[in-house]
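Thanks, everyone. Let me put the model on the screen, and then I'll talk you through one part of it.

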Amino acid sequence: MATTTSSSSASPILCASFNQDNSCFSIGTKDGFKIFDARSGRLCYERVVGAFSIVEMLFSSSLLAIVGAGEQPSLSPRRLCLFNTVTGTALRELNYLTSILAIRINRKRLIVILQDKTYIYDLNSLAILDTIDTVPNNKGLCAFSPSSEGCYLALPASTTKGSVLVYNTVELQSLCQIDAHRSPLAAIVFSSNGMYLATASEQGTIIRVHLVSQATKSYSFRRGTYPSTIYSLSFGPSAELPDILVATSSSGSLHVFFLGLLINQRRRSNTLLGAMIPDSVNDAFEHAHHHVLHNAVPAGVKSHVTIYNIDNVSSVSTISAFRASIFIITYDGNFRDYTLSVTKLNESSRSLEREFNVLETISDNPY
C-alpha cells in the first residue's frame, strides 16, 4: 500500500502510503511525518523531528512503523521503530545490518524488506517467524494483503524478468511463483482479500491480474503502446471480485481497467473458441474495459493512488453505471480526490472534488 522514493533529494515527499482501509494516509518528509484523514483532508497527527523514509499505519490505530531517512544520526535507515501516536513514544525498536527498504503490516504480521532478505514477525509478540532470502530487491518492491485470512506476501523472484514469489505468511511457506512479465517488475499489489494480484513490468505497456489460487490464470490489460513507468496500482475495495483496477504512470494519466465484467465473462466462457484463445491474444478485446483520464497528475511526478469506494455497481453481466472515489498523492506535495463516473453506455467522465497541499497543511497541535 506504500511507495518510497529512491533519493531523498528527488522530491519534497520521501514516502507516502494509505492505511489498509484507505481512510487515512501518511507522508514522510525531510522535516518529519504527517497523518491525514483521507476523507476530510484533516491533519490528524504531525511530528517534526527529522527525515523519515517509511511511515506505515496499522489501519486507524495509534501504531505506526517508522524508519528514518538517515539524514540525522538518531534516525538511522537501519532502525525500525514501532511508535505510538497517542503517547508519542517508541514501543519497540528493531535494528538491522543494512537499510530497511520497505515495511508492510497487518493485524497479524509485520514484514521488513531489506535488499536481499525479508523478515516476517508476529505482530503481537514481535517474535521472528521466518527469514526469506530474496533476489536483490533494491527498490524494496513488495505487496502484502491487508487481510488476516489471505495473509499473502508477494516479492520479486528474478532480477531479469517479471517473476513473483507469493508467500503465505500464516503457514510460513511458499504458495506459488507467477511468471507475470518478460521484463523486471515495477509495481505489484494485492486485492483487499488477497485473492488477486496485479503486476506491471518496467516496460509498463501491459498490466496483468492474476488469480492467486490459480497461478497460471491471468488477465491482461494493455495500458498503452509506448513504455511508461507505472508508479502505483490499486484494486477497488470489493470484498470478493474487484470491480476495477487503477494505475498511475509517468505519463501523468490515470488508467482505469474494468475487471468484474471481463473476469466473469471468462468464467462463463466454456466455448471451444474461449478455450483456444490465449490471454496474450485477448488484449485486442479489451478496449471496452479500459478508460484513460489524461493529465490527472503532473507528468513525471511520482504518485500513489487508491480507490476509496465505488457506488452503484450493479450487474456484472453488462457494463453498469457507477461512481468511484479515487485518491491520489503526488510527490510534489498534492492530494487529489477525483470522482470517476461511468455511464451504462460506457462513457466516462471525471471531476476533481478536492485538492490541497499536504506540505503546507499545519496542525493545530504539532508534536
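I'll start with the whole protein and then move to one sheet and its strands.

First point: this is a predicted model. The protein has 367 residues, and 58% of them are buried. Secondary structure comes to 2 helices and 29 strands. The exposed area is about 15500 Å². Carbon and sulfur atoms supply 50% of that. Now contacts. Take those between residues at least 6 apart in sequence: 44% join residues at least 24 apart.

On to the sheet. What is the strand order in this open sheet of 4 strands? The order is 6-7-8-9, and the pairing is antiparallel. Strand 6 and strand 9, residues 89–95, are the edge strands, each pairing on one side only. On average, neighbouring strands here are turned by 20 degrees against each other, ignoring direction.

Let's walk across it, beginning at strand 6. Strand 6 covers residues 52–57. Its antiparallel pairing with strand 7 runs over 5 bridges. One position to find on screen: Phe52, whose bridge partner in strand 7 is Gly68. The two strands make a hairpin, with 5 residues between them. Look at the turn. Phe59 sits there with a positive phi of about 50 degrees.

Next, strand 7, residues 63–68. How many of its residues are buried? The count is 6 of 6, so by the under 20% relative accessible area cut-off, strand 7 is mostly covered. Which residues point which way? Leu63, Ala65 and Val67 point one way. Leu64, Ile66 and Gly68 point the other way. Both sets are buried. Gly68, remember, is the partner of Phe52.

Keep going, to strand 8, residues 79–84. Strand 7 and strand 8 run antiparallel, joined by 5 bridges. Ile66 is a good marker here. Its bridge partner in strand 8 is Cys81. Ile66 is also one of the buried residues on the Leu64 and Gly68 side of strand 7.

Last step, strand 8 to strand 9. These two pair in the antiparallel sense over 6 bridges. Which residue in strand 9 is the bridge partner of Leu82? That's Arg92. And with strand 9 we are at an edge of the sheet.

To recap: the order is 6-7-8-9, strands 6 and 9 are the edges, and strand 7 has 6 of its 6 residues buried. That's the tour. Questions, please.

Key: Residues numbered from 1 in each chain as written. Predicted model: local features only at pLDDT ≥ 70, side-chain atom pairs only at ≥ 80, totals over all residues. Heavy atoms only, no water. Buried < 20%, exposed > 50% of the residue type's maximum accessible area, 1.4 Å probe, protein only. Pairing = 2+ DSSP bridges. Contact = heavy atoms within 4.5 Å. Areas by Shrake-Rupley, 256 points an atom, 1.4 Å probe, with all protein chains shown as cover. Axes fitted to C-alpha atoms, helices over the stretch in contact; angles between N-to-C directions.
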